[in-house]
Amino acid sequence: MSTKPYCRDWKPRRNRGIYCSPACGGGCTHREFTDATRRAAKLAARLGDGWKPRVWENLGWHYTVELGDAKRGGISIHEGANGYWYLMGDAPSCGIPAWSHPTDREFRDPKDAVRYALRRAAKDVARQQATVDLVTAGCWHFL
Ligand SMILES: [Zn+2]
């Protein structure tokens with residue numbers, strides 16, 4: 001049984017080509033970090049005003065760009081193996097945001113991922129509005 005406390009030190013340290021935190025311990029490289037940072041800035045610029053890059057470490061350096069808080073009603077765009085995908089909508093506790101389909105589709109153009117997210121969300125909102133309309137019409141006498 002290990003007596004080592006859970007390491008929460010996520011501050012990365014540079015040691016030659018390595019740029020990795022004690023909590024990660026994955027031997028992440030500074031090149032991965034600079035590449036993720038550069039790609040995030042480039043993607044944020046491609047999407048326009050309001051998009052913010054976010055870079056993090058967890059057994060490698062990763063990035064996303066966000067418009068608002070992706071887990072509280074915003075959207076984030078991620079680069080996958082075959083293109084860009086999204087997370088969008090509110091997330092219950094630590095779950096996946098409501099209108100997210102991360103394994104659904106990836107798009108060559110990140111703007112297509114945003115367009116697809118909006119179409120999926122609009123369909124879902126329309127279905128939910130239909131339910132609200134139905135219940136409102138059936139229960140108007142005690143609402
Ligand atoms: Zn690391």
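What follows is a dialogue on how to read a predicted model of one protein chain.

Me: Where do I start, and how many helices and strands are there in the protein chain?
Reply: Start with the list of elements. This model is predicted, and its chain holds two helices and six strands. Read from the N terminus, the elements come in the order β-β-α-β-β-β-β-α.

Me: Which strands make up the open sheet, and in what order?
Reply: The order in a sheet is read across neighbouring strands. Here four strands form an open sheet in the order β3-β4-β5-β6, and their pairing is antiparallel. The edge strands, each paired on one side only, are β3 (52–57) and β6 (83–90). On average, neighbouring strands of this sheet are turned by 30° against each other, direction ignored.

Me: Which helix packs on the sheet, and which strands are touched?
Reply: Helix α1, residues 30–47, packs on the sheet and touches β3, β4 (61–67) and β5. The direction of α1 makes about 20° with that of β4.

Me: Where does helix α2 lie?
Reply: Helix α2, residues 110–139, lies across β5 and β6. It runs at about 35° to β6.

Me: How many bridges join β5 and β6?
Reply: To read a strand pair, look at the bridges and then at the residues that face each other. Strand β5 (residues 72–80) pairs with β6 in the antiparallel sense over seven bridges. Arg72 has Asp90 in β6 as its bridge partner, and Glu79 stands opposite Tyr84. The two strands form a hairpin, with two residues between them.

Me: How many residues lie between β3 and β4?
Reply: These strands also form a hairpin, with three residues between them. Their antiparallel pairing runs over six bridges. One facing pair is Trp56 and His62, the latter in β4.

Me: How should I picture the side chains along such a strand?
Reply: In a regular strand, side chains alternate between the two faces of the sheet.

Me: What is the phi of Leu59, and where does Leu59 lie?
Reply: The general idea comes before the case. Most residues other than glycine have a negative phi. Leu59 has a positive phi, near 55°, and is not a glycine. Leu59 lies in the loop between β3 and β4. Leu59 counts as exposed because it has 11 C-beta neighbours inside 10 Å, and the limit for exposed is 12 or fewer.

Me: Which loop holds Arg16, and what is its phi?
Reply: Arg16 lies in the loop between β1 and β2. Its phi is positive, about 55°, although Arg16 is not a glycine. Arg16 is exposed, with 7 other C-beta atoms within 10 Å.

Me: Is β6 enclosed or open to the outside?
Reply: Count the buried residues in the strand. In β6, six of the eight residues are buried, so the strand is largely enclosed by the rest of the structure. Over the protein chain, buried residues make up 22% of the 143 residues.

Me: Which residues touch the most other members of the largest nonpolar core?
Reply: That core has 20 residues, and Val65, Ile77, Tyr86 and Ala113 touch the most other members. At least two residues each come from β2 (18–20), α1, β4, β5, β6 and α2. The largest share, five residues, comes from β6.

Me: What is Ala113 in contact with?
Reply: For this question, neighbours within four places in sequence are left aside. Ala113 is then in contact with Ile77, Tyr84, Trp85, Tyr86 and Phe107.

Me: Is Val114 buried, partly exposed or exposed?
Reply: Val114, in helix α2, is partly exposed, with 19 other C-beta atoms within 10 Å. A buried residue needs 20 or more. Outside the four nearest places in sequence, Val114 is in contact with Ile75, Ile77 and Tyr86.

Me: How far apart are Val114 and Tyr86, in sequence and in space?
Reply: These are two separate readings. Val114 and Tyr86 are 28 residues apart in sequence and 7.2 Å apart in space, from C-alpha to C-alpha. Of the contacts in the protein chain with a separation of 6 or more, 30% join residues 24 or more positions apart.

Me: Where does Lys11 lie, and is Lys11 buried or exposed?
Reply: Lys11 lies in the segment before β1 (13–15). With 9 C-beta neighbours inside 10 Å, Lys11 counts as exposed. Lys11 and Pro22 are 11 residues apart in sequence and 7.5 Å apart in space, C-alpha to C-alpha.

Methods: Residues numbered from 1 in each chain as written. Predicted model: local features only at pLDDT ≥ 70, side-chain atom pairs only at ≥ 80, totals over all residues. Contact = placed C-beta atoms within 7 Å. Pairing = 2+ DSSP bridges. Axes fitted to C-alpha atoms, helices over the stretch in contact; angles between N-to-C directions. Core = buried A, V, L, I, M, F, W, Y, C linked by C-beta atoms within 7 Å.
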